[in-house]
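Subject: Structure for your files

Hello,

Here is the structure we talked about handing over. My notes on it follow below.

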Amino acid sequence: MGTFGEKPSIYGLTIDELAGWLTERGQKKFRAEQIWDWLYRKRARSFSEMSNVNKECLALLEENFALGTIDLQLKQVAKDGTVKFLFRLRDGNLIETVLMRQAYGLSVCVTTQVGCNIGCSFCASGLLRKVRNLEAAEIVEQLMQVQFFLDEAGKGERVSHVVVMGIGEPFDNFDNMIRFVKVINHPKGLAIGARHITVSTSGIVPKIYEFADLDLQVNLAISLHAPNNELRSSIMKINRAYPIEKIMEAMDYYLKKTNRRVTIEYILLKDVNDHVEEARQLAELLKDKRKLVYVNLIPYNPVLETPYQRSTKEAMLAFYDTLKKNGINCVIRKEHGTDIDAACGQLRSKQLKKAN
Ligand code: SAH
Ligand code: SF4
């Protein structure tokens, strides 16, 4: 048992669940809205602050819920304003969250699992096997902690965008990830718009269908990283279970069902997947849906334990130009906080090494 005890975190409940829980205990339903106002608008740090909630109801909350279960362990601020947070979970595990300053607002990258079992060969998170899934509350709390940090700075800044691109495979923790999205999206809570939320997957095909069927209006990003199966299997072993043609079929279903654009993520690894030929193949692969996809070219953030290097500027630009010439929308992703281990899982893996 850690510093927070074992009570479930109140941040894991949807507003309807909280209302149901309260009414079962003889409390009025509207209390749920009051409590959510304290949690997500006034951002109370203790139940006792909730001054318009009756004593009996507060006692129930105190008795049954924890107001937070994650603890800030370390914070790094980069020159460009990117902030990386290392949090300790109640069971001692460490996770990372990143705050990025974008032209369009403040974006937070959240972690969904302790480690990752997908094991992509270029990724720091994949080097460490999955220890466990995060609970929905632990994902919500990452966002709350970042918002507390902004509140304390006193400039009235608010997190406006969320990317589910931290440590872990969100579609391997599907239910908790969806619960997280519902909590942060709710208009009575943080009210992060669905269109401001992006979930990134390495391509767990059945879950792409499930996600499409939920009709959430949340953005989907698919980590493709290679235009053919041979190459993709060599860097992402998940491709053996869910090869490119299956991902394309699932994507077609998603596009038809939701009518929303999909982002294709493509890390540029020097001399591995960054040749003009691969750009041509990628354009060919996507040509029948080019109006509905755009490609995010990601400069690789080198991970010490892997053999991969970042592509040269020339290779990146040639790749970009080839896609453009073939009518594919694309951007080279702007980097954030390269001076502070901002690549997924890097800070955590360094901390673990220090501890061992
Ligand atoms: N597991 C999910 C989401 C987390 S990873 C996924 O794979 O999509 C989020 C993105 O960061 C993925 O596109 C992933 O390939 C990329 N990524 C992982 N390690 C990276 C690194 N060292 N440099 C740049 N991008 C990286
Ligand atoms: Fe897991 Fe994504 Fe890293 Fe692959 S890239 S190991 S799926 S976190």
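How many salt bridges are there between domain 1 and domain 2? The count is four. Please keep in mind that this is a predicted model.

The two domains

Domain 1 covers residues 15-64 and domain 2 covers residues 71-355. Ten residues of domain 1 and 13 residues of domain 2 take part in the contact. The centres of the two domains, taken over C-alpha atoms, lie 34 Å apart. Between them the domains bury about 1100 Å², and carbon and sulfur atoms account for 54% of that area. As background, the accessible area lost when parts come together is often used to give the size of an interface.

One salt bridge to look at in the viewer pairs Arg43 with Asp151, where the closest N and O atoms are 2.5 Å apart. Polar contacts between domain 1 and domain 2 come to six residue pairs, with both residues at pLDDT 80 or more. On the side of domain 1 that touches domain 2, helix H1 (15-24) and helix H2 (30-41) each supply at least two residues. The largest share there, five residues, belongs to H2. Sorted by class, that side of domain 1 has five nonpolar residues, five charged residues and no polar ones.

The ligands

Ligand 1 is surrounded by 21 residues, and the closest are Gly168, Ser200, Ser223, His225 and Asn301. Which distances separate the side chains of Ser200 and Ser223 from an oxygen atom of ligand 1? For Ser200, an N or O atom of the side chain is 2.6 Å from a ligand oxygen. For Ser223, the corresponding distance is 2.6 Å. The side chain of Glu265 also has an N or O atom 3.3 Å from an oxygen atom of ligand 1.

Around ligand 2 are Cys116, Ile118, Gly119, Cys120, Phe122, Cys123, Gly126, Gly168, Glu169 and Ser202. By class, this shell holds five nonpolar residues, four polar residues and one charged residue. Gly168 is listed around ligand 2 and is also among the closest residues to ligand 1.

The loop at Leu67

Leu67 sits in the loop between helix H3 (55-64) and strand S1 (71-77). Which residues does Leu67 contact, leaving aside neighbours within four places in sequence? They are Ile10, Tyr11, Leu39, Ala44, Arg45, Ser46 and Phe47. By contrast, the C-alpha atoms of Leu67 and Lys324 are separated by 49 Å, with these positions 257 residues apart along the chain.

Regards

Terms used:
Residues numbered from 1 in each chain as written. Chains lettered and ligands numbered in written order. Predicted model: local features only at pLDDT ≥ 70, side-chain atom pairs only at ≥ 80, totals over all residues. Heavy atoms only, no water. Domains from an automatic or database assignment. Contact = heavy atoms within 4.5 Å. Buried area = accessible area lost by both parts, 1.4 Å probe. Salt bridge = Lys/Arg side-chain N within 4 Å of Asp/Glu carboxyl O. Polar contact = N/O pair within 3.5 Å; in protein donor to acceptor, adjacent residues only side chain to side chain. Helix = DSSP H or I, 4+ residues; strand = E, 2+ residues; numbered from the N terminus. Nonpolar A, V, L, I, M, F, W, Y, C, P; charged D, E, K, R; others polar. Near = heavy atom within 4 Å.
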